[in-house]
Amino acid sequence: MENFLINYFNKLNINIDNNKACQFIKYKNILVEWNKIMNLTGITEDREVVIKHFADSVLPLNIMDFKNKSVIDVGTGAGFPGLPLKIAEPSIKLTLLDSLTKRLNFLGEVCQNININAQFIHGRAEDMGNDINLREKFDIAVSRAVAPLNILAEFDLPFVKEGGYMIALKGPLVYDEIKNAENAINELGGKTERIEEVSLPETDLKHTIIIIKKINPTPNKYPRRAKKIERNPL
């Protein structure tokens, strides 16, 4: 398993050593164990976890420099993509945000077992985005499989400082979603800078990574309350 991890990441042009491979393996083992008592993932087979969760999560490292960046993973769930990014690039200053305490408890155990430092925030993105200690404090906000892009932008962009970036990890067929989100992104102070199509080796999986630069402050009226966001997306 260790060799498979190292070799697969090499195919992504991401180098990990034996220590990082062991961290990923421990993460996978805890994920599978906790998944028996709570719903964290439908993917539990070893290689599938490596490819579809770990490798998929670290693909942004080939697109953007994460070194020494403050990163918030909004709606982190089982830790994707934030925790794999931190393992692969330890200099990241990582914050994991989720609305469920039990998921944060799981992530706390993972971090303790693999000797990773991270900040854990329990709350909803639309509430925490108005917290003065979090609002516009991060170099990068990342999210994977959280919400449609026009809604996700209202969750993520308030956390990003001017000159920083929001990174959305999406599936292959998102161009209509991107077009529908143009107004929201502009309204929230962002500008779509790059759209990268990526593939995972040895699979037919193709994904899209959307890079949005924060060029203006997010207006104070955003993010709105959850019901308003859902009823009337930007």
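User: Which side chain meets that of R224 in a salt bridge?

Analyst: Side chains of opposite charge can pair when their charged atoms come close. In this predicted model, the side chains of R224 and E154 form a salt bridge, with an N to O distance of 2.9 Å. The partners come from distant parts of the chain, 70 residues apart: R224 sits in the loop between β7 and α10 (226-231), and E154 in helix α7.

User: Is R224 buried or exposed, and what holds for E154?

Analyst: The cut-off for buried is under 20% relative accessible area. R224, at 14%, therefore counts as buried. E154, at 0%, counts as buried too.

User: How many salt bridges does the structure hold?

Analyst: There are 12 salt bridges. One of them joins the side chains of E136 and K214 at 3.0 Å, N to O. This pair also links distant parts of the chain, with E136 in the loop between α6 (125-128) and β4, K214 in strand β7, and the two positions 78 residues apart. K214 is buried, with a relative accessible area of 1%, whereas E136 is partly exposed at 23%.

User: Where do E48 and K52 lie?

Analyst: Both are in helix α3 (residues 46-58), 4 residues apart, which is about one turn of the helix. Their side chains meet in a salt bridge of 2.7 Å, N to O. E48 has 30% relative accessibility and counts as partly exposed; K52, at 29%, is also partly exposed.

User: Turning to the sheet, what is the order of its strands?

Analyst: Strands of a sheet pair through backbone hydrogen bonds, either parallel or antiparallel. Here 7 strands make an open sheet in the order β3-β2-β1-β4-β5-β7-β6, and the pairing is mixed. The edges are β3 (119-122) and β6 (190-199), each of which pairs on one side only. On average, neighbouring strands are turned by 20° against each other, direction ignored.

User: How many bridges join β6 to β7?

Analyst: The two strands run antiparallel and are joined by 9 bridges, β7 covering residues 206-214. Within this pairing, I195 stands opposite I210 in β7.

User: Which strands does helix α7 touch?

Analyst: Helix α7 (residues 149-156) packs on the sheet and touches β1 (70-74), β4 (138-144), β5 (160-170) and β7. The direction of α7 makes about 140° with that of β5. Helix α5 (residues 101-114) lies across β2 (93-98) and β3, and runs at about 170° to β3.

User: Which residues touch the most other members of the largest nonpolar core?

Analyst: That core has 53 residues, and F9, Y27, F66, F106 and I167 touch the most other members. Helix α2 (residues 18-34) supplies the largest share, 7 residues. Beyond four places in sequence, the contacts of Y27 include F54, F80, L83, F106 and I114. Another core lies apart from this one, with 31 residues, among them V74, I151, F155 and V174.

User: How many disulfides does a search of the whole structure find?

Analyst: A disulfide is a covalent bond between the sulfur atoms of two cysteines. The search finds 0 disulfides. For C22, the nearest cysteine sulfur is that of C111, 17 Å away. The cut-off is 2.5 Å, so a pair at that distance does not qualify. C22 is partly exposed at 32% relative accessibility, while C111 is buried at 4%.

Technical notes. Residues numbered from 1 in each chain as written. Predicted model: local features only at pLDDT ≥ 70, side-chain atom pairs only at ≥ 80, totals over all residues. Heavy atoms only, no water. Core = buried A, V, L, I, M, F, W, Y, C linked by side-chain atoms within 4.5 Å. Buried < 20%, exposed > 50% of the residue type's maximum accessible area, 1.4 Å probe, protein only. Contact = heavy atoms within 4.5 Å. Pairing = 2+ DSSP bridges. Axes fitted to C-alpha atoms, helices over the stretch in contact; angles between N-to-C directions. Salt bridge = Lys/Arg side-chain N within 4 Å of Asp/Glu carboxyl O.
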